[in-house]
Amino acid sequence: MAINWNKIKAVIKEAVLNIDPILFACATLLSIISIVTVWGAVDNFGMSKLRMQVFIFVLGIFVTVAVAFFDFRVIVDKLWLYMLIGSVALLVLTLVLGSSGENMETSNKSWLKIPGTGLMIQPSEFVKFTFICTFSRHLFAVRREINKPKNVLLLAGHALLVVGPILASGDLGVALVYLAMIALMLFCAGLHPLYFAGVAVVVVLLSPFLWDMLATYQQQRIIVGFNPDAYPDSKYSWQPLLSKQAIAAGGLVGKGVLGGEHYEILAASHTDFIFATICEKFGFLGGFLVVAILIVMVVRIFMLARFASHSDYGGLICVGVGSVLAVQILLNLGMCLGMLPVIGITLPFLSCGGSSMLAVFMMMGLLHNVYAHSHAVRVAHKGDTFDIDSSLLG
């Protein structure tokens, strides 16, 4: 059978045009920084961590392009119910059969072992992708009557189906990311401020009971986390204090890619505290570069939300992904700087971890997808000859 090279070239060209260059550059740069950092600490982290990070980066690029290639509206409109049911089923399965992962002191059931492989995944990371799709579609469907009590209750039920199992598993950090994402998506969809005020009042009134529901170690982490310097003898303060020491030890230009010693005794220096490792190795300049790229990426995502087509829910998808990344970045950097409690949040594209990194690449694919179709609409309005199948635009 003869190979149709023209068709292959056309497919590749369309795939490239579907990619937003700014987001792609940010994701690639951050991933490379992560790989170089892990390579420089391979004696401490282990070769398996380096192999996994490189593998997930390569796989993530392919996944990003694949997700970006297919029209998100066609896929989500047909599969949203299966996405929702599958997500809830996976989270419930994790709640029943899951574990806290390796070398964890908590009793959180966040990880699920893949039978016959020895590998473990964190389902809540991948559910972010499906939840953003289904919740965005739901919000768009009720956008004109979003403030009716019936629709608010249905949206709350939709959110609770996913957040409920995560809260029940004890993973408060991930649950917090979901709740922040939901709140911002509701706000951008036009939910009246009185609803937010009502929820805030209820949370304040229930706060004593919610506090008592937390495990002792969770309470201690929160108390110590906001000011670890005031509790130098607490076992919950040494991690953020050592992280601050690692950051300070890096100085302006760092100890070099093979240098540094504080990160070697810092628990989770390859995952939750990867930023401290980067700062010790590459100094203030390296840390500043990372933060600058992250800011550019988040700002670009919300720009895509603003310029997305108003005829679909692409803008809400951008808000969902942007809020997830923004919250994770703020919480992670706050942990590393000893300003926020340690709650087990990864830094996008930088922390080691197959589930979190691959899930972020999947969400990047969604953003590129929205960019591709909103770009096609804008070009079409300008009368350009940009060649995208108009049937995909509805």
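This is a stop-by-stop tour of a predicted model, with a selection to make at each stop.

**Whole chain**

Start with everything in cartoon view. The protein has 14 helices and two strands. It runs to 394 residues, and 49% of them are buried. Now switch on the surface. About 19,300 Å² is exposed, and carbon and sulfur atoms supply 70% of that area. For the contact map, take pairs at least 6 apart in sequence: 70% of those contacts join residues at least 24 apart.

**Stop 1: Phe 131 and Phe 135**

Turn to the rings. The structure holds 10 aromatic pairs. Select Phe 131 and Phe 135: their ring centres are 5.0 Å apart and their planes meet at 15°, so this pair is stacked. Under 30 degrees is the cut-off for that label. Both residues sit in helix H6, which spans residues 123-141. They are four residues apart there, so about one helical turn separates them. Are these two phenylalanines, Phe 131 and Phe 135, buried or exposed? Both are buried.

Now select Phe 187 and Phe 196 for another geometry. This pair is edge-to-face, with 6.3 Å from centre to centre and 65° between the planes. Phe 187 counts as exposed at 51% relative accessibility. Phe 196 is partly exposed, at 29%.

**Stop 2: Arg 143 over Phe 140**

Select Phe 140 and Arg 143. Arg 143 lies over the face of the Phe 140 ring, 3.8 Å from the ring centre.

**Stop 3: the Phe 349 cluster**

Select Phe 57, Phe 349 and Phe 361. Together they form one aromatic cluster. Keep Phe 349 selected. Its place is the loop between helix H13 (314-336) and helix H14 (354-381). With 2% relative accessibility, Phe 349 counts as buried. Check the backbone too. Most residues other than glycine have a negative phi. In Phe 349, phi is positive, near 70°.

**Stop 4: the loop between H11 and H12**

Go to Ala 268. What is the sign of phi at Ala 268? It is positive, about 60°, although Ala 268 is not a glycine. This residue is in the loop between helix H11 (238-249) and helix H12 (274-307). Ala 268 counts as partly exposed at 21% relative accessibility.

Stay in that loop and pick Ile 265, which is also between H11 and H12. Ile 265 is exposed, with a relative accessible area of 59%. Which residues does Ile 265 contact, leaving aside neighbours within four places in sequence? They are Trp 238 and Leu 242. Then put a distance label between C-alpha atoms: Ile 265 and Gln 239 are 26 residues apart along the chain, and the label should read 9.4 Å.

**Stop 5: a nonpolar patch**

Bring the surface back. Select Val 199, Val 201, Val 202, Val 203, Leu 205, Leu 206, Phe 209, Leu 210 and Met 213. These make a nonpolar surface patch of about 890 Å². Zoom in on Leu 206, which belongs to helix H9 (residues 193-213). Leu 206 is partly exposed, at 39% relative accessible area.

**Stop 6: salt bridges**

Side chains of opposite charge can pair when their charged atoms come close. The whole structure has seven salt bridges. Three of them are worth a selection here.

Select Arg 73 and Asp 312. Their side chains meet in a salt bridge of 3.0 Å, N to O. This pair links distant parts of the chain, 239 residues apart: Arg 73 is in helix H5 (residues 72-97), and Asp 312 is in the loop between H12 and H13. Arg 73 counts as buried at 10% relative accessibility. Asp 312 is likewise buried, at 10%. Add Asp 71 to the selection. Asp 71, Arg 73 and Asp 312 are linked in a network of salt bridges.

Next, select Lys 244 and Asp 229. This salt bridge is 2.8 Å, N to O. It joins Lys 244 in helix H11 to Asp 229 in the loop between helix H10 (216-225) and H11, 15 residues apart. Lys 244 is partly exposed at 29%, and Asp 229 is partly exposed at 47%.

Finish with Glu 145 and Lys 148. Their closest N and O atoms are 3.3 Å apart, in a salt bridge. Glu 145 is partly exposed at 42%, as is Lys 148 at 44%.

Notes: Residues numbered from 1 in each chain as written. Predicted model: local features only at pLDDT ≥ 70, side-chain atom pairs only at ≥ 80, totals over all residues. Heavy atoms only, no water. Phe/Tyr/Trp six-rings, centres within 6.5 Å; stacked < 30°, edge-to-face > 60°. Buried < 20%, exposed > 50% of the residue type's maximum accessible area, 1.4 Å probe, protein only. Lys NZ or Arg CZ within 6 Å of the ring centre and 35° of its normal. Contact = heavy atoms within 4.5 Å. Areas by Shrake-Rupley, 256 points an atom, 1.4 Å probe, with all protein chains shown as cover. Patch = residues over 30% accessible without salt bridge, like charges linked within 9 Å, V, L, I, M, F, W, Y side chains within 5 Å. Salt bridge = Lys/Arg side-chain N within 4 Å of Asp/Glu carboxyl O.
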